[in-house]
Amino acid sequence: ANRSYFYPSASLSTVLSNLIEMPKSIDFVKLYGSWAEVSSDLQPYQTSSYYENVGSFAGRTELSYPGVIVNPNIEPENSTSYELGLSSSFFKGRLKFDFTYYEVVDTNQIIDLPTSIASGFESRKVNGNEYTTNGYEIVLGGTPVRTDNFQWNSAINWSQLEKRITGIYGDQERYGNLYLDDRADSYYARVWQKSPDGKVILNDNGLPIRDNFQQNLGHTDPKWILGFQNSFKYKNMSLDIGIDGVWGGVMRSLTVEKMWWGGKHPYSTEFRDAEYAAGTPVYVPEGVNVVSGELVQDANGNVVSDNRVFKPNTTAVSWQTWSQNYPYRAQVTEAENKTFANVFDRSFFKLRSLVFKYDFTDLINIKGIKHFDMTFTGYNLLMWKEADIIDPDYGNDNNLQDPSTRYLGMGLNFKF
């Protein structure tokens, strides 16, 4: 029973405008809904343990045994989705509106549950955790202008989704850093200790102190996604413009961290010359020092009591030492420090594509050539973004980021 699974689905739709008399301005209104269930399983050879040949030493074969306890009775993961939507058209196709709401419930998720290393293994495979995704999408399109020689078609797509953990294996309080009903894309990271009013706590040497508990710095998925397409046609020429982007969400940048560590960041020279000239550290970090008192926290990092007394920091530190610690060894948001931030708002909007085409067929009028047009194309031409240096469209910057690429091209199309 664990080696097979069923793929049932059902859908239903109705054209409401065929059932109810509507104004002439409404072409049609369609309602639809669907339900589906799918499953997935492990890769081959993951339901039983076996020794693996990892090479040889001194003429003898070396074998390795997996560090994960396999589960021969593991069940397939299951995903159940529901969708409801509306599709409509108005004014003889000049205006169109679509709306879709969906929910996806992922159950029986296969996870590697940590186990005591005294057992000789690192984890074991079990069925556990449930995730629920809710989202909706709106599409508005139409033809704002249409004449004998000119036509403008436009479409805008806006969508939003949230994925939450709605069940935890064994009814545990949390899974990793996530508590029940937390967003699955919550970004927990190691940060610097802060005073109750948000100031960075520094030690007697003027350097920051890392927090013992990871903190939630936001969500890696954007709040919403936008796409905007426009097509213009005038006689023998046409212009297509594509714009897209996202709003909200955070991303960590390893590229920025490494630039600070290696002295390649644009701001890394700010106090360097002054320090060389003085022959002694001149940079005094903004922050506070603990004068007296202590902070008591529970096992989850919640504050039990805090009677610490602080004073403003006055200790100067080496600029290189600060640059290789504060923006490199823990996560710093833009809200905490704009200059040294390595966690950024991933909001951006791009002029994704630009295509200009001209049809020369009637102009050249050469016998034997039925069609001839020339096309100029551009991709990734312009971008507005919140993040500094990096391209948030690239994705998560966890392994150094290559520069964004801009494409320009020209094409000729002949038909004989």
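So, to start: in which sense do strand 15 and strand 20 pair, and over how many bridges? They pair in the parallel sense, over 2 bridges, and for us two strands pair if DSSP finds at least two bridges between them. Leu-202 is one residue to look at here, with Asn-289 in strand 20 as its bridge partner.

Before I go on, some housekeeping. This is a predicted model, where local features need pLDDT of at least 70 and side-chain atom pairs count only at pLDDT 80 or more, while totals for chains, interfaces and linings use all residues. Residues are numbered from 1 along each chain as its sequence is written, and side-chain values use heavy atoms, with hydrogens and water left out.

Okay, the overall picture. The protein has 5 helices and 27 strands; helices (H or I, at least four residues) and strands (E, at least two) are DSSP runs, numbered from the N terminus. Its radius of gyration is 29 Å, well over the 22 Å that the globule rule gives for 416 residues, so the protein is more spread out than a compact globule. That radius is taken over C-alpha atoms, and the globule rule is 2.2 Å times the number of residues to the power 0.38. Along the principal axes, the C-alpha atoms fill a box of roughly 85 × 70 × 60 Å. Of the 416 residues, 31% count as buried, where buried means under 20% relative accessible area, exposed over 50%, and partly exposed in between (1.4 Å probe, protein chains only).

Back to the sheet I opened with. Strands 15, 20 and 23 form an open sheet in the order 15-20-23, with mixed pairing. Strand 15 (201-202) and strand 23 (309-312) stand at the edges with a single partner strand each, so one side of each has no neighbour in the sheet.

Now go to the early part of the chain. Strand 2 (residues 26-40) and strand 6 (residues 77-90) are antiparallel, paired over 14 bridges. Strand 6 also pairs with strand 7 (residues 95-107), again in the antiparallel sense, over 13 bridges. Ser-79 is a handy landmark: Ser-79 is the bridge partner of Val-38, and Ser-79 also stands opposite Asp-106 in strand 7. The hairpin of strand 6 and strand 7 has 4 residues between the strands, and Phe-91 there takes a positive phi near 55°.

There's another hairpin further along, made by strand 21 and strand 22, with 5 residues between them. Gly-301 in that turn has a positive phi of about 90°. Strand 21 (residues 295-297) and strand 22 (residues 303-306) run antiparallel, joined by 3 bridges, and Val-296 has Ser-305 as its bridge partner.

On to helix 2 (residues 254-261). How many of its 8 residues are buried? The count is 6, so to speak mostly covered, and they are Leu-254, Thr-255, Val-256, Glu-257, Met-259 and Trp-260. These buried residues pack against strand 19 (250-252), helix 4 (319-323) and strand 24 (343-345). After helix 2 comes Gly-263, with a positive phi near 75°.

Helix 2 and helix 4 are also the elements that give two or more residues to the largest nonpolar core. That core has 19 residues, and Trp-322, Tyr-326 and Phe-340 touch the most other members. A nonpolar core here is a set of buried Ala, Val, Leu, Ile, Met, Phe, Trp, Tyr and Cys residues joined through side-chain atoms within 4.5 Å. Leaving out residues up to four places away in sequence, Trp-322 has contacts (heavy atoms within 4.5 Å) that include Leu-202, Tyr-283, Pro-285 and Phe-340.

Last topic, aromatics. Rings of Phe, Tyr and Trp (its six-membered ring) pair if their centres lie within 6.5 Å; planes under 30 degrees apart count as stacked, over 60 as edge-to-face and the rest as tilted. By that rule we get 28 aromatic pairs. Tyr-136 and Trp-158 make a tilted one, 5.9 Å centre to centre with 35° between the planes. Tyr-136 lies in strand 10 (residues 130-146) and Trp-158 in strand 11, so the pair ties together parts 22 residues apart in sequence. Tyr-136 is partly exposed at 30% relative accessible area, and Trp-158 is partly exposed at 25%.

And Trp-322, Tyr-326 and Phe-340 come back once more: they belong to one aromatic cluster, whose members also include Trp-192 and Trp-260.
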